[in-house]
Amino acid sequence: MTKQCKACGTTFQNHPKVPNQTYCSSPECQRERRRRWLEEKRQVDADYQGNEPQKIEQWRNEHPDYWKQYRQANPDYANRNRNLQQTRNQRSRNPMIANEYELPELSPLASGRYRLIPVIADVIANEYELIVEITVLSMP
């Protein structure tokens, strides 16, 4: 029985042991099948939504040097990513990088809204940026 692949649209012969097969066996289409399954699972399954961030954090804690080692083993990837990030920073509405506009050490802090950005190595600032309201109660 021939079917049409949901990802690429080509016709394919389904595997005899998989009568409900809707994607051809090409690696790109199988990747797309898994991506769509994961997207649907995230929308439908509340338990999956709640557990996924915890699993990701657990993996990061178990493999703290993974990305550092990956960048060292793949310098072309690291250079390309660095160049793309610089391009994104230049195109953004506010090209300010996290600590570019730190408050001078001796200036008085005025009441108002501020961007609170944690100082974490190798983290892009706006991933963890918070807007906070600071009210000064007394000044020296």
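# A guided tour of helices H1, H2 and H4

Start by selecting residues 27-44, helix H1: H1 has 18 residues and reaches 26 Å from its first C-alpha to its last, close to the 26 Å expected at 1.5 Å a residue. That expected span is 1.5 Å times one less than the number of residues in the helix. Helices here are DSSP runs of H or I with at least four residues, numbered from the N terminus. Before you go on, note that this is a predicted model: local features need pLDDT of at least 70 and side-chain atom pairs count only at pLDDT 80 or more, while totals for chains, interfaces and linings use all residues. Residues are numbered from 1 along each chain as its sequence is written, and side-chain values use heavy atoms, with hydrogens and water left out.

**Stop 1: the two sides of H1**

Colour Cys29, Gln30 and Glu32, the buried residues of H1. They share one side of the helix because they cover an arc of only 155° around the axis, an arc taken from the directions from the helix axis to the C-beta atoms. Buried means under 20% relative accessible area, exposed means over 50%, and partly exposed is in between (1.4 Å probe, protein chains only).

Now select Pro27, Glu28 and Arg31: these exposed residues sit on the face of H1 turned away from its buried side. Pause on glutamate 28, which is exposed with a relative accessible area of 53%. Which distance separates glutamate 28 from cysteine 8 in space, C-alpha to C-alpha? The two are 8.7 Å apart, although their positions lie 20 residues apart in sequence.

**Stop 2: charged pairs along H1**

Side chains of opposite charge can pair when their charged atoms come close. Here a salt bridge is a side-chain nitrogen of Lys or Arg within 4 Å of a carboxyl oxygen of Asp or Glu, and by this rule the count comes to 7.

Show the side chains of glutamate 32 and arginine 36, which meet in a salt bridge of 2.7 Å, N to O. Both lie in H1, 4 residues apart, about one turn of the helix. Why does that spacing suit a pair? An α-helix has 3.6 residues a turn, so residues three or four places apart point the same way. Arginine 36 is partly exposed, at 32%.

Next, add arginine 35 and glutamate 39, another salt bridge, whose closest N and O atoms are 3.0 Å apart. These two are also in H1 and 4 residues apart. Glutamate 39 is partly exposed at 40% relative accessibility, and arginine 35 is partly exposed at 43%. Keep the four side chains on screen: Glu32, Arg35, Arg36 and Glu39 are linked in a network of salt bridges.

**Stop 3: crossing from H1 to H2**

Select arginine 42 and glutamate 52, which form a salt bridge with the closest N and O atoms 2.8 Å apart. This pair links distant parts of the chain, from arginine 42 in H1 to glutamate 52 in H2, 10 residues apart. Is each partner buried or exposed to some degree? Arginine 42 counts as partly exposed at 36%, whereas glutamate 52 is buried at 18%.

Now show all of H2, residues 46-62: its 17 residues reach 25 Å from first C-alpha to last, close to the 24 Å expected. Look along the helix for a kink of about 25° at glutamate 52, shortly before proline 53; the bend at a residue is the angle between axes fitted to the seven residues ending there and the seven starting there. At the start of H2, zoom in on aspartate 45, where a side-chain oxygen reaches to within 3.0 Å of the backbone nitrogen of aspartate 47.

**Stop 4: the rings**

Show the aromatic side chains: the structure holds 6 aromatic pairs. The rings of tryptophan 37 and tyrosine 48 have centres 6.3 Å apart and planes at 80°, so this pair is edge-to-face. Rings of Phe, Tyr and Trp (its six-membered ring) pair if their centres lie within 6.5 Å; planes under 30 degrees apart count as stacked, over 60 as edge-to-face and the rest as tilted.

Move on to tryptophan 59 and tyrosine 66, an edge-to-face pair at 5.2 Å centre to centre, with 70° between the planes. To finish, select Trp59, Tyr66, Trp67, Tyr70 and Tyr77, which ring pairs link into a cluster.

**Last stop: H4**

Find glutamine 85 in helix H4, residues 75-91. Glutamine 85 counts as buried, at 19% relative accessibility.

Terms used
A polar contact is a pair of N or O atoms within 3.5 Å; within protein, one must be able to donate a hydrogen and the other to accept it, and residues adjacent in sequence count only if both atoms are side-chain atoms.
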